[in-house]
Structures are given as structure tokens and as C-alpha cells.
Amino acid sequence: MDVSRILLSPPKASRQDVQAVVEALQSGWIAPAGPHIALFEDAISRTVGTEHAVALSSGTAALHLGLKALGIQEDDVVIVPTATFAATAFAVTYLGATPVLVDVDSTWSLDPALLEETARDLQRRGTPAKAVIPVDLFGSPANHDELNSIARRFDMKTLADCAESLGATLQTGAPVAGSGAHASVLSFNGNKIVSTSGGGMLVTNDKDLAEKVRFWATQSREPVHWYEHREIGYNYRLSNVLAALGFSQLQRLEEEVQLRRSVRDRYRELLDVPGVTVQVDPPWGTSNAWLTLVTLDAGVHPQANQRLIFELERCGIEARLPWKPLHLQPVFASAPRYLNGAAERLFKEGICLPSAGSLSDRELVSVCGVVRQVLRS
Ligand SMILES: *Cc1c(COP(=O)(O)O)cnc(C)c1O
């Protein structure tokens, strides 16, 4: 890795992390089974306050089996925010179900009013949505209480996509991942706040749901002494070696959230420029500040985010545009959609700046120097 570059959200391995992996290797459990998996699952359960946690090979696998366990099948309809990473909607398609794309509000959380309107319209058309997947975009809590209550009223299951928001909380202090949905999904992919290079977790208070997911993820192997299969299975379990790494990284979660929140606060100080808004927490919760999202008012700085990405890249700084709305993705060209323009505005005006907790003040000042210079030109 080029150390002089400033990366968006690079994974970081401490000496303890390295030691944890070495110990797991030396224990001989180089397999998708072993003592570190249960340790990591227990630690995550405690962190998010759920009774059950199932470690899986990715967040996408957790979305897939979570939806399956909620009873989603072929030709069912599942509501997905259009402002999210494609994996949220991909998982719906793995089951032969249809993602219906719904827009977000000014907090970039699934828009409750539009969700209600969509649920009602789908009902009227005779294709009621079976489930909805709220997403905590860039670590900022979705309006979970409100969305869960709408889901209950329309008899929809909820699977919370908390892939980006481990460490984020609601106003009550409750972690977003454990809060009210039937199940929630975490990701430990390369640049997430806790990274095992690749990995995920499904967390829930529903024992049957957790057991089903664990069973399917282990090739649906029946508990007998030979390989007996009555159902289609998946090879979706997390490696024990990676679980050891995840357990070690998790010890630093709180510290990392505080660091990333101070990075975001520092951006707010350094980017006190007209037409520039550094994302704030929504009224109902506290972000883990996984990525700092900045919006550049198109009326003041037209197309500034595109110019900025190139200029930052030229200076060795990695930034990223927000997720391109799913309704603009060729692969979802035929997905039904209910829009209000917010996700497209975010894509047009937003930029995610380097957000690692390890960024020095000098690095933050130099990132903001480039931003200010581009906005002046
Ligand atoms: C990262 C991510 C996922 C997928 O997680 P993987 O572990 O990479 O499979 C799903 N949804 C969102 C919103 C994500 O950011």
C-alpha cells in the first residue's frame, strides 16, 4: 500500500490484530469453524444488544439468508432505498424477488412518507411488499422507529442493513443494529469500520431465525453422522481466522467511532464555506461517522463533486462519490421506483472525503486545502 496516499477508509491492523491472527493460525482452527467464531459472535451480540449473532462470509450473504429466513420467495416484493450500495438490492434478486426502489429524505434515510405511500400503492395493485430493508447510509442511522412502525402497519418484515453503521446509536443509546428490526445485517468488508478483509454477521432476537440462517450457511447439513441434506445449502460461514481478527478489531470500535466523529467535526470547522454542508446527525440518532459525507450546493458550486474527485486524486487523495442511485443503474433499469429526487441530488452534489480515524490534522488540513481551492476556481 502506498503510504503517502490519503485513503478513503483504509483497514488498519494493530499489533494486537496481527497477534490474534497468528494465535488463531497456531490453534489449528484454519476453517469455517472454531472457537474464535463463537467468541466473535458473542462479542457482537453484546455490542449490539441482540440475543443471537451468526457470523457469515459477507454482509451480502447475511442479507441473502436474512431475507430467506423472513420468508421472502420468488415473485415477492421487497422495498429497498434507491440510495444504497447495490448489494442491498442484489440480495433480493438472489431469491427471485423484486426490489422496489424508494427514495430517501434529507437525512439520506428511507423517506417514511414515501415508504407509506409506496406500501399503500403496492397493496392497491395487489402486490403488497413482504419486507423492507432500511439502510444506515454512511453510518448515519435510518429513521428506524418510524420505519419499523410503518412496516408493522403494512405487515412488512424489516431487515436492517447496518453494514455501514456498526457503532452508531439511536437517541436512547441503543445500537442501531439491534433496534426493532426482525434482524439486522453487519459487514466486515475491506473498508468498513471493523474489517476482517471480508465477512458479515446477522444479528437478531429471533432464535428460530438465527438457527435457520446458521443451518443454511453450513450447507444445510442435518445433525447426523453422515452428510444428510433435506434442503439447499450455502457455504456462507466466516473463517475462524477472520473471526479472531474481527474480535480483536472490535475491542477498538468505540475508540474508532470517537476518532471518526472528530474527523467529521474537524471537516466541519475547516470547510466553513458557503454552499458546503458537512453531514450532521439526524434528530433520532448518532452516526458512527464511517464516512464523512459533504454536499456541495449545485446552485453555488455546479458539478463540483466530479471536479473535486479528479483534483483530489491528482493530489494523491482518495475520495468517492456517494452510491449512484440504484434506479439509475443499468442492472435495475426495470425495477419499480418511487422517487422524490433526493437520491439523485445526493449523487449530484455529494462527496465522501477521507474518513479514517488515523488521519492526522495535517492530512485533514491538506484535504480541505484542495477542496477550498477547487471550489474557488
Ligand atoms: C458493504 C455493504 C454491504 C455488503 O457487505 P459485504 O460484506 O461487502 O458483502 C451491503 N450493504 C451496504 C449498505 C454496504 O455498505
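Which helices each supply at least two residues of the shell around the ligand? In this predicted model, they are α3, spanning residues 59–69, and α4, spanning residues 87–94.

## The shell around the ligand

Sixteen residues surround the ligand, and those that come nearest are Gly59, Thr60, Glu164, Ser187 and Lys192. The helix that gives the most to this shell is α3, with three residues. Sorted by class, the shell consists of eight polar, five nonpolar and three charged residues.

## Polar contacts and burial of the ligand

Two side chains place an N or O atom beside an oxygen atom of the ligand: that of Ser187 at 2.7 Å, and that of Lys192 at 3.1 Å. For Gly59 it is a backbone N or O atom that lies 2.7 Å from an oxygen atom of the ligand. The ligand taken alone would expose 380 Å², of which the protein buries 94%.

## Helix α1 and its two sides

Helix α1 runs from residue 15 to residue 26, and its 12 residues reach 16 Å from the first C-alpha to the last, which is close to the 16 Å expected at 1.5 Å a residue. Its buried residues are Asp17, Ala20 and Ala24. These three lie on the same side of α1, because they cover an arc of only 60° around the axis. An α-helix has 3.6 residues a turn, so residues three or four places apart point the same way. On the other side of α1, by contrast, Arg15 and Gln26 are exposed.

Technical notes. Residues are numbered from 1 along each chain as its sequence is written. This is a predicted model: local features need pLDDT of at least 70, side-chain atom pairs count only at pLDDT 80 or more; totals for chains, interfaces and linings use all residues. Side-chain values use heavy atoms; hydrogens and water are left out. A residue is near a molecule or strand if one of its heavy atoms lies within 4 Å of it. A polar contact is a pair of N or O atoms within 3.5 Å; within protein, one must be able to donate a hydrogen and the other to accept it, and residues adjacent in sequence count only if both atoms are side-chain atoms. Accessible areas come from the Shrake-Rupley method with a 1.4 Å probe; for residues, only the protein chains shown count as cover. Helices (H or I, at least four residues) and strands (E, at least two) are DSSP runs, numbered from the N terminus. Ala, Val, Leu, Ile, Met, Phe, Trp, Tyr, Cys and Pro count as nonpolar, Asp, Glu, Lys and Arg as charged, and the others, Gly among them, as polar. The expected span of a helix is 1.5 Å times one less than its number of residues. Buried means under 20% relative accessible area, exposed over 50%, partly exposed in between (1.4 Å probe, protein chains only). The arc is that of the directions from the helix axis to the C-beta atoms.
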